[in-house]
Amino acid sequence: MRLRIKDLREDCDLSQDAVARALGIPRATYCSYENGRRNIPNALLCELADFYHTTVDYLLGRTDERKPYPRKK
């Protein structure tokens with residue numbers, strides 16, 4: 001999982017600081033998530049999926065399909 005969030009961040013040409021600010025968390029905390037030193041809370045996983053327009057399953061490595069699921073109305 002940590003490789004996916006790092007790859008997504010780098011693909012978007014974002015710094016760790018920029019992503020951390022967008023999520024409202026300290027950069028050091030985000031860095032710990034990206035490096036696998038801390039587990040990402042479920043609510044933050046959902047925020048990251050929304051931020052990168054993907055799914056939690058993609059972030060967790062449960063699928064290689066990056067495209068998000070259709071939203072229920």
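The following dialogue examines a predicted model of one protein chain.

Trainee: Which element of the protein chain has the lowest mean pLDDT?
Mentor: The chain as a whole averages a pLDDT of 91, and 97% of the residues score at least 70. Among the elements, helix α2 (residues 16-23) has the highest mean, 97. The lowest mean, 88, belongs to α1.

Trainee: How many salt bridges does the structure hold?
Mentor: One of them joins the side chains of R4 and D64, and another joins those of E34 and R9. The side chains of R62 and D57 also meet in a salt bridge. The number held by the structure is five.

Trainee: How many residues apart are R4 and D64?
Mentor: Their side chains meet in a salt bridge with an N to O distance of 2.6 Å. R4 belongs to helix α1 (residues 2-11), whereas D64 lies in the segment after α5 (56-59). The pair thus links distant parts of the chain, and the separation is 60 residues.

Trainee: Is R4 buried or exposed?
Mentor: The limit for a buried residue is under 20% relative accessible area. Its partner D64, at 64%, is exposed. R4 has a relative accessibility of 19%, and therefore R4 counts as buried.

Trainee: Over the ring of which residue does the charged end of R4 sit?
Mentor: The side chain of R4 has a salt bridge to D64. The charged end of R4 also sits over a ring, 4.1 Å from its centre. That ring belongs to Y58.

Trainee: Which parts does the salt bridge of E34 and R9 tie together?
Mentor: The side chains of E34 and R9 meet at 2.8 Å, N to O. The two residues are 25 apart in sequence, so the pair ties together separate parts of the chain. E34 lies in helix α3 (residues 27-34) and R9 in helix α1; the parts are α3 and α1.

Trainee: What relative accessibility does E34 have?
Mentor: A residue is buried when its relative accessible area is under 20%. R9 meets this criterion at 9%. E34 counts as buried as well, because its relative accessibility is 3%.

Trainee: Is D57, the partner of R62, buried, partly exposed or exposed?
Mentor: The side chains of R62 and D57 meet at 3.3 Å, N to O. R62 is exposed, with a relative accessible area of 65%. D57 has a relative accessibility of 24%, so D57 counts as partly exposed.

Trainee: Which residues does S32 touch, not counting residues up to four places away in sequence?
Mentor: S32 is placed in helix α3. Its relative accessible area is 12%, so S32 is buried. With residues up to four places away left out, S32 touches R37 and R38.

Trainee: What arc do the buried residues L44, L45, L48 and A49 cover around the axis of α4?
Mentor: These four residues are buried in helix α4 (residues 42-51). They are on the same side of α4, because the arc they cover is only 145 degrees.

Trainee: Which residue with a positive phi follows α4?
Mentor: The phi of this residue is near 55 degrees. The residue that follows α4 is H53.

Trainee: Which residues form the aromatic pair?
Mentor: A search of the whole structure finds one aromatic pair. The rings are 4.9 Å apart, centre to centre, with 80 degrees between the planes; since the limit for edge-to-face is over 60, the pair is edge-to-face. One partner is partly exposed at 29% and the other is buried at 4%. In that order, they are F51 and Y52.

Technical notes:
Residues are numbered from 1 along each chain as its sequence is written. Side-chain values use heavy atoms; hydrogens and water are left out. A salt bridge is a side-chain nitrogen of Lys or Arg within 4 Å of a carboxyl oxygen of Asp or Glu. Buried means under 20% relative accessible area, exposed over 50%, partly exposed in between (1.4 Å probe, protein chains only). Contact means heavy atoms within 4.5 Å. The arc is that of the directions from the helix axis to the C-beta atoms. pLDDT is the predictor's confidence in each residue, from 0 to 100. Rings of Phe, Tyr and Trp (its six-membered ring) pair if their centres lie within 6.5 Å; planes under 30 degrees apart count as stacked, over 60 as edge-to-face and the rest as tilted. A charge sits over a ring if NZ of Lys or CZ of Arg is within 6 Å of the ring centre and within 35 degrees of the ring normal.
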